[in-house]
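User: I would like a close look at one part of this model, the place where a helix of one chain meets a helix of the other. Please take the contact itself and then follow it into its surroundings.

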Amino acid sequence: MKYAIRAGDIDHGGSASARIKSELTEAGVDATTARRAGIVSFEGEMNLIVYSDDGGTLSVIVEPDAVIVELEDTGPGIEDIDLAMTPGYSTAPVWATDLGFGAGMGLVNMKQHSDGFEIQSQIGVGTKVTCRIERKGDWKRRRGRDHETT
Amino acid sequence: MKLHELAAVIGGSILVGEDQPDLVIDRAFAADLLSDVLALTEEQTTLVTSMINPQVMRVAEILNVTAVIFVGGKIPPPSLVEYAVKLSIPLVATNKTTFETCGLMYAHGIRSCLSRPVSDMGGR
């Protein structure tokens, strides 16, 4: 699944992520993993809308053991990643905070709901965030099934 | 507590969910910052909020929220109500403030959806 997210398109904010969550559920991904992937996607999608220069892409890959959520934009880039990862730190414009966004929790939430989190950013080039969400609920189900058959 | 009992307790009206009068509400979370909702809620929570933008319902959908309560006399736009109908997520609207709504819900046995302290989450 790959979605193009437009910068500033707040009206559609979260709609790609809501779709991703329901598509993951339909694809048989367990509810907890789909929920976590939805949270990570939502935060990433809002980041692209609020902060990116020209929007970006939100991609989701379903692997047998994990769901990978990847976000990529072409700028402006994050000057200090550690600072951006500090809970509560935000550079969100007023129009975003008025709508309940820009709490300075976006990247923190993404990391918290992922089992693997990578961020690369360069000023003037762009930012890429990759989140790996293990399909733990599916493991349990598979283990249960294996147990039943043995 | 059942949905229609909750609506009576907070003096609210059910906008969506009249077809689910027996739905049980026992956990809740209140916030206007959607990032807080995304960070801190556990599954099967009811959301109390004064935000009526479409993103609220998208968050509710992603989080499998049980019901959404709009406080402070805010009435969500028809597009939001239609979306909630499609998702079968009940909506209740009340003129009471967030504080009053949460107080009444707590007094009637509804508890926080959090099963771990906030300090364990997101480094706070």
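Which residues of α1(A) meet which residues of α3(B)?

Analyst: This is a predicted model, in which local features need pLDDT of at least 70 and side-chain atom pairs count only at pLDDT 80 or more, whereas totals for chains, interfaces and linings use all residues. Residues are numbered from 1 along each chain as its sequence is written, and chains are lettered from A and ligands numbered from 1 in the order in which they are written.

From α1(A) the residues are A:S15, A:S17, A:A18 and A:K21, and they meet B:R58, B:E61 and B:I62 of α3(B); contact here requires C-beta atoms, placed from the backbone, to lie within 7 Å. Sorted by class, the residues of this contact are two nonpolar, two polar and three charged, where Ala, Val, Leu, Ile, Met, Phe, Trp, Tyr, Cys and Pro count as nonpolar, Asp, Glu, Lys and Arg as charged, and the others, Gly among them, as polar.

As to geometry, α1 of chain A spans residues 15-26 and α3 of chain B residues 54-62, and the two pack at an angle of about 20 degrees with axes 9 Å apart. This angle makes α1(A) roughly parallel to α3(B) (under 35 degrees is roughly parallel, over 145 roughly antiparallel, 65 to 115 roughly perpendicular and the rest oblique). The axes are lines fitted to C-alpha atoms, for helices over the stretch in contact, and angles between N-to-C directions run from 0 to 180 degrees. The helices and strands themselves are DSSP runs numbered from the N terminus, helices being H or I over at least four residues and strands E over at least two. The crossing of α1(A) past α3(B) is left-handed, a term used when the near helix is turned anticlockwise from the far one by less than a right angle, clockwise being right-handed.

This helix pair can be set beside the contact between the two chains, in which 23 residues of chain A touch 21 residues of chain B. On the chain A side, the elements that give two or more residues are α1, α2 and α5 (106-112), and α2(A) gives the most, with six residues. By class, this side of chain A has ten nonpolar, nine polar and four charged residues.

Within chain B, α3(B) also packs against α4(B) (residues 78-87), at an angle of about 15 degrees and with the axes 9 Å apart. These two helices are therefore roughly parallel to each other, and their crossing is right-handed. B:P54, B:M57 and B:E61 of α3(B) make this contact with B:S79, B:L80, B:Y83, B:A84 and B:L87 of α4(B), a group with six nonpolar residues, one polar and one charged. B:E61 thus appears in this contact and in the one with α1(A).

Other residues of chain B lead to the nonpolar core, a set of buried Ala, Val, Leu, Ile, Met, Phe, Trp, Tyr and Cys residues joined through C-beta atoms within 7 Å. The largest such core has 74 residues, and those with the most contacts inside it are A:A37, B:V59, B:A60 and B:V68. Helix α2 of chain A (residues 31-51) supplies the largest share, ten residues. Leaving aside residues up to four places away in sequence, B:A60 touches B:L47, B:V65, B:V68 and B:I89.

Two loop residues of chain B complete the surroundings. B:N64 lies in the loop between α3 and β4 (67-70) of chain B and has a positive phi of about 55 degrees although it is not a glycine. B:N64 counts as partly exposed because it has 19 C-beta neighbours inside 10 Å; a residue is buried with 20 or more other C-beta atoms within 10 Å of its own, exposed with 12 or fewer, and partly exposed in between, with C-beta atoms placed from the backbone. B:S88, in the loop between α4 and β5 (91-93) of chain B, likewise has a positive phi, of about 60 degrees, without being a glycine. With 11 C-beta neighbours inside 10 Å, B:S88 counts as exposed. Most residues other than glycine have a negative phi.
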